[in-house]
Amino acid sequence: MRADVADILITEEQIHAKVAELGGRIGADYSSSSVTLVSVLKGSLPFMADLMRAIKMPVTIDLMEVSSYGGASTETSGLVRILKDLSSSIAGKDVLIVEDIIDTGLTLNYLLRYLRGKSPRSLRICALLDKPARRLVEINIDYLGFTIPDEFVVGYGLDFGEFYRNLPFIGVLRRELYETT
Amino acid sequence: MTDQPRFAHASEAELARILNYYGVRWEYEPRTFPILWNTDGKVVESFSPDFYLPELEVYVELTTLKQSLVRRKNRKLRRLRELYPDIRVKLFYGKDFRALMLKYGRFDLAASLSGLEGQLMPERLDRQPSLRLAVPARPVESAAPRLPVVDRESAEAEPVGASDHPRPSRGTRRRRGRRAFIGAEES
């Protein structure tokens, strides 16, 4: 699996340092209350697991999953669907969406609209990676780990064909794995 | 979003489907911006961005050309930004769109939008190198059927007289785009 990676873009050590930094900032900003972390499956799972342990204050967590364009649901409904909804109410709570990567912003834009409808006290965004080259919807990211170039990246939750999520670093997938000349 | 316009290119139809999927309102080529006038004041060049997203107040121009062939479009976009500084336009390059298709698992479509074979008229295919997309050895679900694509911009980006094959008229390109869109909808 490591051999499928052309370059390591962000090392395991860099990820851990950044997650600790983000956790510290989040803990300081929400110091007078607790925060509900909402992770968007599946890619953000490793980030969520590390981030929640880096936040030194009371946190609750919840998980959501939304269908992705091109997935099986596309042919049946033609519209994005909530595959896994929140387990408990977020009304009146401080909510922090935890995302692995933001590129077009379409999924997050949909989630923001959906979650705002559930009347949280505040709604912020924490993303490990930002890939602005493909942005269609401008999103204000409150806590950002790294801005990355427009490369096909895998690892630390990010997949290609559902694989590579368990790599401990973020790397650029070898081009010949998804195209041949 | 309800009445589908006649898209000039299958990639535009695909972007419309993506926007529909995520509930983003769009309009197709709603406005033409004059960008060059002759000495008589007549408009000699204009630019019509492909999409306008009214809720986000941004225009989107989608180009599936090879990266090396987008110079003309980049020049027009620069001119547009000079003349209309308050207008926000996002230029979506072919490689961006192709990467998006890869992300969504639409490997076949990504290959057809590669900017090489997918952008060429059939009679020109034999002159170009082949670019094929390899689906990972491990099974990947929901690879979409390959869309037929039509040429829109490869001819547009070439210097006048550079091609043996004249650029199809806009009406022809729209009809082809429409057929491609209908084909994709029915598949």
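Which residue of β9(A) does Ile8(A) stand opposite? In the predicted model, the partner of Ile8(A) across the strands is Gly171(A) in β9(A). This pair belongs to a wider arrangement in chain A, which is described below after the general features of that chain.

Chain A contains four helices and nine strands. Read from the N terminus, its elements follow the order β-α-β-α-β-α-β-β-α-β-β-β-β. The C-alpha atoms of the chain occupy a box of roughly 55 × 40 × 25 Å along the principal axes. A compact globule of 181 residues would be expected to have a radius of gyration near 16 Å, and the value for chain A, 16 Å, therefore agrees with that expectation. Of the 181 residues in this chain, 34% count as buried. Among the contacts in chain A with a separation of 6 or more, 66% are made by residues that lie 24 or more positions apart.

Strands of a sheet are held in pairs by backbone hydrogen bonds, and the pairing may be parallel or antiparallel. In chain A, three strands make up an open sheet in the order β1-β9-β8, and their pairing is antiparallel. The edges of this sheet are formed by β1 (5–10) and β8 (153–154) of chain A; each has a single partner strand, so one side of each is left without a neighbour in the sheet. The antiparallel strands β1(A) and β9(A), the latter comprising residues 170–173, are joined by four bridges. It is across these two strands that Ile8(A) and Gly171(A) stand opposite each other.

An antiparallel pair is also found in chain B, where strand β2 (residues 33–37) and strand β3 (residues 43–47) are paired over four bridges. Within this pair, Pro34(B) is placed opposite Ser46(B) of β3(B). The two strands β2(B) and β3(B) form a hairpin, with five residues between them. The turn of this hairpin includes Gly41(B), which has a positive phi of about 85°.

Helix α3 of chain B, spanning residues 94–103, is mostly covered, as nine of its ten residues are buried. The buried residues of α3(B) include Gly94(B), Phe97(B), Ala99(B), Leu100(B), Met101(B) and Leu102(B). Asp96(B), Arg98(B) and Lys103(B) are likewise among the buried residues of this helix. After α3(B) comes Gly105(B), a residue with a positive phi near 80°.

Definitions and conventions. Residues numbered from 1 in each chain as written. Chains lettered and ligands numbered in written order. Predicted model: local features only at pLDDT ≥ 70, side-chain atom pairs only at ≥ 80, totals over all residues. Pairing = 2+ DSSP bridges. Buried ≥ 20, exposed ≤ 12 C-beta atoms within 10 Å, placed from the backbone. Rg over C-alpha atoms; globule rule 2.2 N^0.38 Å. Contact = placed C-beta atoms within 7 Å.
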